[in-house]
Amino acid sequence: MHTDLLVRAARIENFDPAPARTAATVVAVHGGRIVAVGDDRLLRERAGSATPVLEFPGATLAPGLTDSHAHPVWGAIEVGTGLDLGGASTLDEVCARIAGRLAERGTASRGTGSGPAGPWVTGFDLDVNVFDGQPTGDLLERRFPGVPVSLMTRDAHSLVVSPAVVDRIGLTGTEVFDDASEIVVGPDGRPTGFVLELQAMELVFAHYPAVPLTTAARLVADRLHAFAATGLTGLHALDFTAPSEDVYREIERTGELPVRVRCSPLVPADSARYTWEAVAAQQRLAGRRWHVAGAKFMLDGTADNGSAWFEHPDVLGQNRRPLWKDVAAYREAVRFFTARGIPTATHAIGDRAVRTALDVIGETGHPPSAPHRIEHVESIPDDLLPRFAALGVVAGLQPVHATRMTRADRTDNWSRRIGPHRAAHGWRTRDLLDHGVVVALGSDWPIGIGDPRTALADAQLRRPVDEPETAPVQPGQRISAREAYAGMTRAPAVAAGAADRLGRIAPGYLADLTVFAHDPLDLTPEQQAANPVLATVVGGSVLHHAPRERTS
């Protein structure tokens, strides 16, 4: 049998729950698939005079890691053009970074942004805890009069904009949206600068400075290459908004995507049937390493913004309604896609949202192509745990949300708003696994950290791996290294309906591989976070970092 590539390491690890002892150290690849797995005899049998052989002494060969929840296009553009506010824990720090951005442009901080062509300052990863109470743009106006400033909050479900943005766009607070989006107004009836949820945010995004397609493609390609360097061979992009298709095609016009991308377009809340039909028609779109598969729903918003859907309101009387004003329409939309063989992923953070999504899936069943999934699942009561497994629903969780957006002492905004009882029932990774649920782990990048090794370590520690002095958040929800890595190999494959071709190193599977310098199962979580990735292989194509290559 022909062989295009041979990869040899000290160990092959599939992260099976009950691993069998194996002496396999060599993988043979042909036509983008694994054709054989064996020991050194395979190397001697298959190595021809021109067959490339990649050797990694002491290393571990694992199935390629897949981030089951990311936003690579808008994330790369936002990060590449916007101001990073990560780590800014006070309003003074936020304003200092804005001032620095204006200084970089040679723009004074007073008055120069008031004209129609005045420069915008856009930012991301804003911590809402920097505000004393509800965020307001007036505080930005005092520091930067006339400058249009738009800052995306850390959860990416709201913006804080300056009065210059309100005036430029003509926001009034009387805007009506199909979903539960809102231009928040103050006691005087004027917009405060707090723009809540996606449809309202789109009014602002439409006025952002345009980014040329070639620039957007470069930013996305660079980010995907950076992901590949951390061990990712694939990701699930739970969006497919403009300019996603154009960006992917532009990258493939001149080269290759460094990772596989599975895209699921958003079905807007309270949308009509013709919108559903348009999303269904997108399922045929594909390139060499990207394709559209599935549909994304936002049943609720976020607890931090008060837009999640819980059984009972939070301490401010919020977090009590869905984004879909017509929940019956959500039910009908899921039925529409299921009938057409299209799996869905529903963003559901509050317990009422999760319960409703489970009820709907229980009514519709799953399409044959892949199971339905529910994303985030931030706080749920005990009775919902067994329903995931009973209904075959995949739970999509993001470990870094639990470890870096909340605190063990519950002084964070999320914990304060939903109260101690619901906070104690949050981020239940261990409990879901113990109930037999398939748990697919992701980052929600750029909202979370994109390096999968960080998420995998955090999931085991229940605290930021780089903060040893930080108390763990609900330490009883820790999971093992084997479970964590399975959550980024086997579980995403199940979620994508690809368990017969992805997530394992076995004959017939796609040759998507991650080469770690050391076996993660032999390392502490802290060591795993710094475990060098020597190479990634996608469909038999190799991205080199530090391999030793020879040709027999």
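## Terms and model

Two strands are taken to pair if DSSP finds at least two bridges between them. Helices (H or I, at least four residues) and strands (E, at least two) are DSSP runs, numbered from the N terminus.

The model is predicted: local features need pLDDT of at least 70, side-chain atom pairs count only at pLDDT 80 or more, and totals for chains, interfaces and linings use all residues. Residues are numbered from 1 along each chain as its sequence is written, and side-chain values use heavy atoms, with hydrogens and water left out.

## Strands β12, β13 and β15

Strand β12 (residues 232-237) runs parallel to strand β13 (residues 260-263), and 4 bridges join them. Across this pair, Leu 235 is opposite Val 261 of β13. With helix α8 (residues 244-254), β12 and β13 form a β-α-β unit that is right-handed (with the strands pointing away from the viewer, the path from the first strand over the helix to the second runs clockwise).

β13 also pairs with strand β15 (residues 290-292), in the parallel sense, over 3 bridges. Here Arg 262 has His 291 in β15 as its bridge partner.

## The six-stranded sheet

An open sheet of 6 strands, with parallel pairing, follows the order β14-β16-β17-β18-β19-β20. Its edge strands, β14 (266-267) and β20 (439-441), each pair on one side only.

Within the sheet, strand β17 (residues 344-348) and strand β18 (residues 373-376) run parallel and are joined by 4 bridges. The bridge partner of Ala 348 is His 376 in β18.

Helix α10 (residues 327-339) packs on the sheet and touches β14, β16 (295-298) and β17, contact meaning heavy atoms within 4.5 Å. The direction of α10 makes about 170° with that of β16; axes are lines fitted to C-alpha atoms, for helices over the stretch in contact, and angles run from 0 to 180 degrees between N-to-C directions.
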